[in-house]
Amino acid sequence: MDMISGSCLCGRVEFSVQDAFVYSGYCHCSLCRKASGASGTAIGGIPKALFSITKGEQHLKRFSRSKDTVSCFCRLCGSTLYGEKPATGMVHVRYGALNSSPTRLPQAHMHVASKADWYEISDTLPQFSEFPPGAAPPDPV
Ligand SMILES: [Zn+2]
Ligand SMILES: [Zn+2]
């Protein structure tokens with residue numbers, strides 16, 4: 001299985017993940033919006049065992065942003081890299097932190113019910129008011 005690397009903005013934290021994302025989508029929840037400072041995030045879900053920090057673990061900071069999500073970011077440059085989902089054993093990798101494109105592209109818009117009013121979705125991907133049914137965690141990614 002191919003591996004994809006990723007890093008934070010300053011480059012001190014690097015990770016490696018198998019190119020085997022189980023699901024992917026654009027998240028429009030208010031937590032992703034605040035964490036990223038953008039309209040939302042593109043994420044891919046993968047079992048935690050297929051993801052590893054390869055450099056700079058000591059610079060990684062964890063923040064429990066909700067009961068189901070631990071947000072992981074570089075304490076030096078602030079890049080949010082991924083979220084841990086303890087309840088499901090999944091990791092939600094921020095596609096923006098990847099160094100190359102994954103095979104599984106975003107397939108849907110999630111948490112559209114809490115989308116920013118100033119952002120307009122202009123593609124034809126399916127939209128879900130919360131998380132797509134059957135695609136895993138109940139809470140914001
Ligand atoms: Zn950094
Ligand atoms: Zn989200």
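**Exercise 1. Through how many residues does a hairpin join β6 to β7?**

Before solving, a word on the model. It is predicted, so local features need pLDDT of at least 70, side-chain atom pairs count only at pLDDT 80 or more, and totals for chains, interfaces and linings use all residues. Residues are numbered from 1 along each chain as its sequence is written, while chains are lettered from A and ligands numbered from 1 in the order in which they are written.

*Solution.*
- Step 1: Find the strands, which are DSSP runs of E with at least two residues, numbered from the N terminus, just as helices are runs of H or I with at least four. Strand β6 covers residues 60-66, and β7 covers residues 69-74.
- Step 2: Check the pairing, which requires that DSSP finds at least two bridges between two strands. β6 and β7 run antiparallel and are joined by six bridges.
- Step 3: Look at the connection: the hairpin passes through two residues.

**Exercise 2. Follow Cys 72 of β7 across to the strands on which it has partners.**

*Solution.*
- Step 1: Opposite Cys 72 stands Arg 62.
- Step 2: In β8, Tyr 82 is the bridge partner of Cys 72.
- Step 3: β8 (residues 80-85) pairs with β7 over four bridges, in the antiparallel sense.
- Step 4: Five residues lie between β7 and β8 in their hairpin, and Gly 78 in that turn has a positive phi of about 85 degrees.
- Step 5: Now check the cover. A residue is buried if 20 or more other C-beta atoms, placed from the backbone, lie within 10 Å of its own, exposed if 12 or fewer, and partly exposed in between. Five of the six residues of β7 are buried.

**Exercise 3. Is His 111 buried or exposed, and what is the sign of its phi?**

*Solution.*
- Step 1: Locate His 111 in the segment after β10 (109-110).
- Step 2: Count its neighbours: His 111 is buried because 25 C-beta neighbours lie inside 10 Å.
- Step 3: Read the backbone angle: phi of His 111 is positive, near 55 degrees. For comparison, most residues other than glycine have a negative phi.

**Exercise 4. In what order do the three strands of the open sheet stand?**

*Solution.*
- Step 1: The order is β1-β2-β5, with antiparallel pairing.
- Step 2: β1 (3-7) and β5 (51-55) are the edge strands, each pairing on one side only.
- Step 3: Zoom in on β2 and β5, which are joined by four bridges. Here Glu 14 has Lys 55 in β5 as its bridge partner.
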